[in-house]
Amino acid sequence: SLAWRLRQQHPALPLLITSASLEDWEQDDIADCGANRILDKPIHPDKFLTTVRELLARPPPSPERTSR
């Protein structure tokens, strides 16, 4: 998946996924691919901005957390 490839190539890149509707198993699959957060649409602009700010404020992952 794109999320997995991004995570492998850019482990420190915050990954935010938005979706109109996801089943629980799909959310689990996306999280397993390395997404930091998943937001359901519609997203209130304040919620989106808060989430982006939180992701950007996180320290980069340590090397042992990025290797699988």
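Modeller: A quick definition before we start: a residue is buried under 20% relative accessible area, exposed over 50%, and partly exposed in between. Keep in mind, too, that this is a predicted model.

Biologist: Got it. So is Glu-54 buried, exposed or partly exposed?

Modeller: Glu-54 has a relative accessibility of 41%. Being buried would take a value under 20%, and being exposed a value over 50%. The value sits between those cut-offs, so Glu-54 counts as partly exposed.

Biologist: Let's step back. In what order do the elements of the protein chain run?

Modeller: There are four helices and two strands to place in the protein chain. Start at the N terminus and follow the elements along, and the order reads α-β-α-β-α-α.

Biologist: What share of the residues in the protein chain is buried?

Modeller: The protein chain has 68 residues, and a residue goes into this group if its relative accessible area is under 20%. As a share of the protein chain, buried residues come to 16%.

Biologist: Back to Glu-54. Which side chain does it meet in a salt bridge?

Modeller: The structure holds one salt bridge. Glu-54 lies in helix α3 (residues 45-57), and its partner is in strand β2 (residues 37-40), so the pair ties together parts that are 17 residues apart in sequence. The N to O distance is 3.1 Å, and the side chain that Glu-54 meets is that of Arg-37.

Biologist: And is that Arg-37 buried, exposed or partly exposed?

Modeller: Its relative accessibility is 22%. The cut-off for buried is under 20%, so Arg-37 counts as partly exposed.

Biologist: Helix α3 also holds Thr-51. Which residues is Thr-51 in contact with, leaving aside neighbours within four places in sequence?

Modeller: Thr-51 has a relative accessible area of 1%. The cut-off for buried is under 20%, so Thr-51 is buried. With neighbours within four places set aside, its contacts are Leu-16, Arg-37 and Leu-39.

Biologist: Leu-56 is in helix α3 as well. Is it buried or exposed?

Modeller: Its C-alpha atom is separated by 6.9 Å from that of Pro-14, 42 residues apart along the chain. The relative accessible area of Leu-56 is 62%. That is over 50%, so Leu-56 is exposed.

Biologist: Over to strand β1 (residues 16-19), where Ile-17 lies. Which residues does Ile-17 contact beyond four places in sequence?

Modeller: One distance first: the C-alpha atoms of Ile-17 and Asp-40 are separated by 8.6 Å, with their positions 23 residues apart along the chain. As for contacts, leaving out neighbours within four places, Ile-17 touches Ile-30, Ala-35, Arg-37, Ile-38 and Leu-39.

Biologist: Which residue does a cis peptide bond join to Lys-41?

Modeller: Omega for this bond is about -5°. The partner is found in the loop between β2 and α3. The residue joined to Lys-41 is Pro-42.

Biologist: Last one: which residues gather in a patch of negative charge on the surface?

Modeller: Asp-29 is a handy way in, and its place is in helix α2 (residues 24-32). To join a patch, a residue needs over 30% relative accessible area. Asp-29 has 39%, so it clears that cut-off while still counting as partly exposed. The patch gathers Glu-23, Asp-24, Asp-28, Asp-29 and Asp-32.

Methods
Residues numbered from 1 in each chain as written. Predicted model: local features only at pLDDT ≥ 70, side-chain atom pairs only at ≥ 80, totals over all residues. Heavy atoms only, no water. Patch = residues over 30% accessible without salt bridge, like charges linked within 9 Å, V, L, I, M, F, W, Y side chains within 5 Å. Areas by Shrake-Rupley, 256 points an atom, 1.4 Å probe, with all protein chains shown as cover. Salt bridge = Lys/Arg side-chain N within 4 Å of Asp/Glu carboxyl O. Lys, Arg positive; Asp, Glu negative; His and termini not counted. Charge placed at Lys NZ, Arg CZ, Asp CG, Glu CD. Buried < 20%, exposed > 50% of the residue type's maximum accessible area, 1.4 Å probe, protein only. Contact = heavy atoms within 4.5 Å.
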